[in-house]
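Ready for some practice in reading a structure? Work through each task with the model open beside you, then check the solution.

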Amino acid sequence: MYRKLSASLMLGCALGGGITACGGGSGGSTEASSAQQAATPSAQAATRPNILMILADDMGYSDIGAFGGEISTPHLDALAASGRLLTNYHTGSTCSPTRSMLMSGTDHHLAGLGSMAETVASLTLSNVAPYGTGNAYGWNNPPDGYEGYLNDRVLSMPQVLRDAGYHTYMAGKWHLATQPSSAPLAGGGTPWVYRAASFPNAKGFERSFVLLQGAGSHFAPVSGKPITADLGSSYLEDDKPATLPADFYSTTAYTDKLIAYIDASKADGKPFFAYAAYTAPHWPLQAPDADIAKHKGRYDDGYEAVRARRLEKQKALGVIPKDFNPNPGLDGVMGRPRWADLTAEQRAREARKMEVYAAMVENLDRNIGRLIQHLKDIGAYDNTLIVFASDNGSEGAPSQFADNANTDNSLANIGRPLSNVTYGERWAEVSATPFRLWKGFATEGGVSSPMIVRLPGQTRAMAASGELTHVSDLLPTFLEAAGVANPGTSYKGTPVQPITGMSMLAQLNRPDASDATGSRVLADELFTGRYVIRGNWKLTSVQAPFGDNQWSLYDLRNDRGETNDLFASRPGVAKQLMQDYDEYAARVGVVNTPGARNRAPAP
C-alpha cells in the first residue's frame with residue numbers, strides 16, 4: 001500500500017496548484033463528546049474489504065438527520081452512529097464533473113468534464129454563455145478536457161479495482177458518456193449522442209444498470225405519453241438498452257439490481273466494489289404516494305422556520321459550532337419572496353414540493369437500509385468500507401419546467417408520474433443550511449456535501465472530522481484500503497493523468513476529531529464560477545445573477561457561511577490565493593472566460 005504522493009504530485013503541492021493534497025486540512029470546527037470516541041478500527045481487515053460507495057443526487061448538506069435535517073433517515077443516522085461524519089467534504093459544483101473526479105481521482109478538467117456535456121456546445125458558439133466571443137472552438141473540436149464524457153486519459157476506478165481482483169458493480173446515474181452530435185440543429189440547439197467507449201462496463205464495471213443522462217423520470221414511462229426532452233431517459237444494463245418494468249421506481253430498482261449483482265458472485269469469495277449512484281432526490285420530484293403522504297403538512301410553516309430549526313439542530317449535534325454565523329440567504333432579497341409574501345395557493349404548491357422532496361430522501365434512506373441489511377444478512381457487512389455522500393449541493397434551478405401535453409404539474413399530481421417540478425431556490429437554501437447558495441456555484445452551499453464513512457470492523461461512532469477533504473480523495477482511499485498500488489502516470493503501459501487526491505485512511509483511523517489547518521490547496525472552476533481554498537482561507541467568485549465574477553475572500557474558520565468579504569482588508573492573502581488559482585487553471589487547462597478577471601488586491 002502507498003501512503004505518500006508520487007514525486008510529480010509533490011511538485012504540484014509545492015506549486016500550490018490544483019485539487020491536490022498538500023498537507024493538513026481546514027474548515028468548520030466540530031464538537032464531539034467523549035461518548036463519541038471509540039477504539040480505532042483497523043483500516044485493513046484480515047481479508048481485503050468490500051467497498052460500498054453510496055451517492056445521493058443533488059441532496060443538500062442539512063437534509064439527513066445526522067446533519068441537522070428533520071427528514072426521517074434512521075438508516076443513515078445509524079451508519080453515522082457506527083461510523084464518522086466528515087463535515088468539511090467538498091465536491092464539484094454540479095453532478096457530472098463530480099462523478100468524473102470520483103471515477104478518476106483527478107480534476108474534472110483533465111477527465112473530460114471541464115464543463116458539463118450539456119453546456120460544451122457553448123464553447124463552440126460565439127456569444128453564448130458562459131464562454132462567449134473569443135472562445136469559439138470548432139463544433140467537433142472542443143479543447144482537451146471539455147469532451148463532455150469521461151475520457152481515456154484518466155484512470156477509471158472500476159477498471160483498476162477489477163484488475164486488482166475485485167468484482168465491480170454499479171446501479172444508478174452514470175452521466176459520463178454524453179457528447180454533442182456531429183452538427184448543431186438547423187434551428188439552433190444541441191443534439192446529443194452517447195459514446196460507447198465511456199459506458200460503465202467499457203470503463204471497468206463487471207455488471208451495471210444505469211441511467212445515461214443526468215436526469216429522468218423516476219417512474220416508468222406512461223403508456224400513450226411519449227417521453228419528452230425534460231423527462232426523457234435512456235437506461236442500459238451491461239452497456240445494452242434496458243427495458244423498465246411497469247412498477248419501476250428508480251431508488252428501489254437500483255437497490256434491487258445491486259443486491260442481485262452482489263448475490264450472483266458472492267460464493268467465490270472475491271471482494272466487491274459496489275457503486276450505488278442513486279438519482280434521488282434530483283428533479284423531477286417524484287415519489288410513491290405512501291411516502292409523500294407521511295409528510296403532509298410538515299412544511300406548511302415555510303422556508304424560514306424550517307431553516308431555523310435545522311440550524312439549531314446542527315449546532316446541537318456539533319455539525320457546526322454553536323457560534324456559527326449562517327449565511328442570511330435570500331429571504332426577501334432580489335425578488336425572492338418570504339413565505340409570508342406568498343398567496344395561499346402558492347404556499348400550498350411550495351409545501352407540496354418540499355413534501356415530495358422529503359419523501360424522496362426518506363425513500364432513499366429506506367433503500368440504503370435495505371442494502372446495508374443485506375450485507376449483514378450475507379455476512380459481508382463487517383468487512384465492508386461504506387461511504388455515503390451527495391454529488392454536490394442542493395438544486396436551486398427554476399421551480400418548474402415547461403408544461404406540455406405529456407406532463408401534469410397540477411397541485412394534486414406533483415410528485416406522481418408525469419409531474420416535472422423542482423423545489424426552487426428557497427427550499428434549496430433550506431437544504432444548504434447553513435451555507436450560501438446551492439448547486440452550480442462555487443460557494444460552500446454548492447460544493448459542500450454531507451459525508452459519512454464507516455470503516456471495516458467499526459461498530460461505534462468516532463468523533464466528527466472537520467478536515468478538508470475532496471471527492472478526488474476517494475479513489476486513493478479505496479486503493480489504499482484494497483492494498484492496490486498507486487498507478488502513478490502510467491497504467492498498463494499507457495500514460496494517464498496521475499491521481500491528485502490523497503487517501504483519507506490515516507485521517508479516518510485517527511480517533512480524535514480534527515479541523516487542523518494546513519497547506520492543502522483545493523481549487524476548481526465551472527461555468528466561470530471559481531474557488532481556491534488554502535488553509536482557513538477561501539477565495540471565490542460567483543457568476544450572475546448572484547455575483548459579477550469578482551473575487552471575494554472569506555475566513556472559513558470564522559465565516560464558512562461566507563458573509564464577510566475580506567478581499568480588501570487582506571490583500572496579501574488574496575494575492576497568494578489568486579496565484580494559487582492561476583497555477584491551478586494553467587495546470588488543468590481551464591478555458592479562459594471573458595469577464596472573469598478580477599479586481600486586484602490593494603498594494
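**Exercise 1. Strand E3 and its partners**

Task: In this predicted model, find how many bridges join E3 to strand E6, and say whether the two run parallel or antiparallel.

Solution:
- Step 1. Start at strand E6, which covers residues 207–211. It is joined to E3 by 5 bridges, and the two strands run parallel.
- Step 2. Pick out one pair to see this for yourself: Met170 has Ser208 in E6 as its bridge partner.
- Step 3. Now look for strand E9, residues 272–277. E3 and E9 pair in the parallel sense over 6 bridges, and Thr168 stands opposite Phe273 in E9.
- Step 4. Finish with burial. Strand E3 spans residues 167–173, and 7 of its 7 residues are buried.

**Exercise 2. A sheet and the helix packed on it**

Task: In what order do the 4 strands of the open sheet with antiparallel pairing stand, and which strands are at its edges?

Solution:
- Step 1. Read across the sheet: the order is E15-E16-E17-E18.
- Step 2. Look at the two ends. Strand E15 (521–526) and strand E18 (551–555) each have a single partner strand, so one side of each has no neighbour in the sheet.
- Step 3. Compare directions, ignoring which way each strand runs: neighbouring strands are turned by 10° against each other on average.
- Step 4. Zoom in on one pairing. Strand E17 (residues 537–541) and E18 share 5 bridges in the antiparallel sense, and here Lys538 stands opposite Tyr554.
- Step 5. Add the helix. Helix H16, residues 571–588, packs on the sheet and touches E15, E16, E17 and E18. Its direction makes about 115° with that of strand E16 (529–534).

**Exercise 3. Unusual backbone angles**

Task: Which peptide bonds to Pro284 and Pro434 need a second look, and where do His175 and Asn549 lie?

Solution:
- Step 1. Recall the usual case: most residues other than glycine have a negative phi, and most peptide bonds are trans.
- Step 2. Check the prolines. Trp283 and Pro284 are joined by a cis peptide bond with omega of about 0°, and Pro284 is in the loop between E9 and helix H8 (289–293).
- Step 3. The bond from Thr433 to Pro434 is also cis, with omega near 10°. Pro434 sits in the loop between helix H11 (424–431) and helix H12 (444–447).
- Step 4. Turn to phi. His175 is not a glycine, yet its phi is positive, about 60°. Its place is the loop between E3 and strand E4 (178–180).
- Step 5. Asn549 has a positive phi of about 65° and lies in the loop between E17 and E18.
- Step 6. Decide on burial, using the cut-off of under 20% relative accessible area. His175 has 3%, so it is buried. Asn549 has 13%, so it is buried too.

**Exercise 4. An enclosed space**

Task: Which element gives the most residues to the lining of the second largest cavity?

Solution:
- Step 1. Count the cavities of 30 Å³ or more: there are 3. The second largest cavity holds about 50 Å³ of space.
- Step 2. Inspect its lining, which includes Ser93, Phe441, Asp524, Glu525, Leu526 and Tyr531.
- Step 3. Assign residues to elements. E15 and E16 are those that give two or more residues, and E15 gives the most, with 3.
- Step 4. Sort the lining by class: 5 residues are nonpolar, 3 are polar and 2 are charged.

Definitions and conventions
Residues numbered from 1 in each chain as written. Predicted model: local features only at pLDDT ≥ 70, side-chain atom pairs only at ≥ 80, totals over all residues. Heavy atoms only, no water. Pairing = 2+ DSSP bridges. Axes fitted to C-alpha atoms, helices over the stretch in contact; angles between N-to-C directions. Contact = heavy atoms within 4.5 Å. Buried < 20%, exposed > 50% of the residue type's maximum accessible area, 1.4 Å probe, protein only. 1 Å grid on protein atoms, 1.4 Å probe; cavity = no way out; pocket = protein on both sides within 12 Å on 5 of 7 lines; lining within 4 Å. Points joined across faces, edges and corners; volume = space filled by probe spheres on them. Nonpolar A, V, L, I, M, F, W, Y, C, P; charged D, E, K, R; others polar.
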